[in-house]
Every structure is written in C-alpha cells, then in structure tokens.
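Please work through the exercises below with the sequence and the coordinates open beside you. Each one sets a task and then solves it step by step.

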Amino acid sequence: MAKILCITLNPAIDITLSLDTLKVGAVNRVANSQTHPAGKGINVASILAQLGHDITVTGFLGQQNRQSFDDKFSQLNFDNQFVYVAGETRQNIKIAENNGQMTDINGKGFLVDERAKAELLTKIDNLAKQHDFIVMSGSLPQGFSLDDFANLMVNIQQKNPKLAIDTSGEALKIAIKHNPFLIKPNTDELAESFGVACQTLDEQIQLFQKLNSKIEHIVISMGEKGVHWLKRSPTQQTITATSPKVTVKSTVGAGDTLVAGMVHGLLSLDDERQILTQAVAMASHAVTIIGFDVANQQRLTELSSQIQII
C-alpha cells in the first residue's frame, strides 16, 4: 500500500450527541454520546489507515489537551509529526437527530504563531517527497492566514504534485487558484465561495471553465443526489455516481470518507467506474453510523449494487 501524508491545520475534539429531536430552548435528553479526536485530515487518515496505507499526520495541535490525539495516533500506528502549540485544541459539539439532521457548534481553538508556522513548513518540506500522496483537509486556525495557506500549497506542490485539498470558503478559492491534483467541494461550498448556482453538472462545468481550472480531479459531492467527478486526464470527461438509499444517522465524516475513498482508488485501482463506485459506497456507509469505520466487503458490495455510474 501507499505512504500518505495527511495534514490537518485546525483539528478538533468532536463531541457527538445523539437524540430523538433537538428542542431549542428546552432540556434535551441525550440517547448516546461519543467523544473522539478529529479534524478532517485526521478523519481521512483514519479511513486510509483502515484500508492498509502507511500514514503520517501533521498540522497543529494544542499542547494542553493533546493526550487523546497522541493515544489515537499510537493506536492507529500513525507517524505523528504534529506541531504542538500553546493552548487547547478546539472542541466541536455535533447534535445528531434521529431524522438525520445535524447541528454543529464549532469551537474557536488555539492561535498559531510565527514560530509554529515556520516549524510546520520545515516539517512538510522534509516530508512531502517521502510520500506517495498528500491530503490537506479542513479549516484554517487563528493566526494562519490565506497567504500562509497559499504559501504552504505552493511549497508542497514544488515537491509533490499529488496533493488533494478539501476545504471551504476563501481557502477553497485559494486552493482552486493553485490547481492541486484533487479537490472535493460540495455544492453548498462552491455556491458560498463563488456566489453562483452549482447544483447541476452544467453549472459546475461552467464554473470551472470560467476559473480556467487545470485541476486533474474535481470531485463534487451532492449528498443524496450523488457525486460528479470532473476528470482531466487522460481525456477530459465527467462521471456521475448516484447515491444508494440509506438511513442517515450522521453526516459527520462522510465527505472525509469520500476523499479517502477517492485517494485509495486512484492509488490502487485502474478502472474509473470502480474507483468512484467504491468511494461513494464507502461514503454512503459513513452516514449510517456514528464514528469512522470502513464497511466490510459484504456491505460495500451491497451498497455498490445500488450505485449507478453515468
């Protein structure tokens, strides 16, 4: 299997509370709760590790509440190259209702100083050439500017072109401008970043043509409407996957699982239809559970049989 570097600039401790229906302004009774060290890049790393890849993780973490992250990295046999900064890693509250609706309350987190930024850049400079693929996912922490993000992308791409980005807002616009190997926005993130409708395949193609995009793989997730894959090489084409019908328990980690599935497929498989089918099946399983687990082969086969590739 491959050696993959997963970068999480702004991790979080996710506290997921499951309940019947959220009653705003009233007392709510939690049916189940889970707390786990997370962040989009760490979530991607967890899935890729379960798929058998050799994982290195880096980014920033708060020194004061690092233990749960250190324990997870040790348990999953990650090569831990995080830069530890003063303060605590943020906590995110995720309220999962039985109807599949998710309410997020995200914490603010630590402040990154110039010393920490320089240390991370040095680490990634040394790591980039040593890995087959690099994934950078999630938001930017306080003190880490859009210019810092652009500079980090450029430095990575100079050493390793196999860079996948999953972010949103202004950071997504910066990422697209620098043409990474793969991006994985959803339709809401594209509409928010560029102020245009992005629901249909034609609208999505027009947007990236207008942006003069040279991104090799644009994977656009659309929830229950499926996934569009805009692919540049060896020939320009679009591939659409429908989503299987599943009962949604939590959408947390579904996008991260899709990223991991696409990276795994691009590294392991030759057939594009198989790559996308497997990635969508993995992401579809993710919404049916609380937490992060790769479906067993029987479950993947069952979900894949419901997916149509167009």
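The exercises treat empty space, a buried threonine, cysteines, a helix, loop residues and a strand residue in turn.

The structure is a predicted model, in which local features need pLDDT of at least 70 and side-chain atom pairs count only at pLDDT 80 or more, while totals for chains, interfaces and linings use all residues. Residues are numbered from 1 along each chain as its sequence is written, and side-chain values use heavy atoms, with hydrogens and water left out.

**Exercise 1. Describe the largest pocket by its volume, its lining and the elements that supply that lining.**

Step 1 fixes the terms: on a 1 Å grid over the protein atoms alone, a pocket is an open set of points with protein on both sides within 12 Å along at least five of seven lines, a cavity is a set of points where a 1.4 Å probe fits but cannot get out, and lining residues have an atom within 4 Å of a point. Grid points are joined across faces, edges and corners, and a volume is the space filled by probe spheres set on the points.

Step 2 applies them: the largest pocket holds about 1,400 Å³ of space, and its lining comprises 48 residues, with Asn186, Thr251, Val252, Ala254 and Gly255 nearest the centre.

Step 3 turns to the elements, where helices (H or I, at least four residues) and strands (E, at least two) are DSSP runs numbered from the N terminus. Among those that each supply at least two lining residues are strand 2 (12-19), helix 1 (40-50), helix 6 (187-194) and helix 8 (254-268).

Step 4 sorts the lining by residue class, with Ala, Val, Leu, Ile, Met, Phe, Trp, Tyr, Cys and Pro as nonpolar, Asp, Glu, Lys and Arg as charged, and the others, Gly among them, as polar. The result is 13 nonpolar, 22 polar and 13 charged residues.

**Exercise 2. Find how many cavities of 30 Å³ or more the structure holds, and characterise the largest cavity.**

Step 1 is the count, which gives one cavity of 30 Å³ or more, and the volume of the largest cavity is about 30 Å³.

Step 2 lists its lining, made up of Ile47, Thr257, Met282, His285, Ala286, Asp293, Val294 and Ala295; helix 9 gives the most, with three residues.

Step 3 gives the classes for this lining: five nonpolar, two polar and one charged.

**Exercise 3. Place Thr89 and determine what surrounds it.**

Step 1 locates Thr89 in the loop between strand 6 (83-85) and strand 7.

Step 2 classifies its exposure, where buried means under 20% relative accessible area, exposed over 50% and partly exposed in between (1.4 Å probe, protein chains only). Thr89 counts as buried because its relative accessible area is 1%.

Step 3 collects its contacts (heavy atoms within 4.5 Å): leaving out residues up to four places away in sequence, Thr89 touches Pro11, Ala12, Ile13, Leu61, Gly62, Asn65, Phe69 and Phe110. With Gly62 there is also an approach of 2.7 Å, from the Thr89 side chain to the backbone nitrogen.

**Exercise 4. Count the disulfides and classify Cys6 and Cys198 by exposure.**

Step 1 takes a disulfide as a pair of cysteine sulfur atoms within 2.5 Å, and the count by this rule is zero.

Step 2 finds Cys6 buried, because its relative accessibility is 0%, and Cys198 buried at 1%.

**Exercise 5. Identify the buried residues of helix 5 and what covers them.**

Step 1 reads off the buried positions in helix 5 (residues 169-177), namely Gly169, Ala171, Leu172, Ile174, Ala175 and Ile176.

Step 2 names the cover, which includes helix 4 (146-159), strand 10 (163-166), strand 11 (182-183), helix 6 and helix 7 (201-210).

Step 3 moves past the helix to Asn179, which follows helix 5 and has a positive phi near 50°.

**Exercise 6. Locate Asn77 and Asn212, and give the phi of each.**

Step 1 places Asn77 in the loop between helix 2 (67-75) and strand 5 (79-80); its phi is positive, near 60°, and at 64% relative accessibility Asn77 is exposed.

Step 2 places Asn212 in the loop between helix 7 and strand 12, with a positive phi of about 55° and an exposed classification at 51%.

**Exercise 7. Describe the surroundings of Gln237.**

Step 1 assigns Gln237 to strand 14 (residues 237-241), where Gln237 is partly exposed at 28%.

Step 2 lists Trp229, Leu230, Lys231 and Glu272 as the residues Gln237 touches, not counting those up to four places away in sequence.

Step 3 considers polar contacts, each a pair of N or O atoms within 3.5 Å in which, within protein, one must be able to donate a hydrogen and the other to accept it, and for which residues adjacent in sequence count only if both atoms are side-chain atoms. One such contact, of 3.5 Å, joins the side chains of Gln237 and Glu272.
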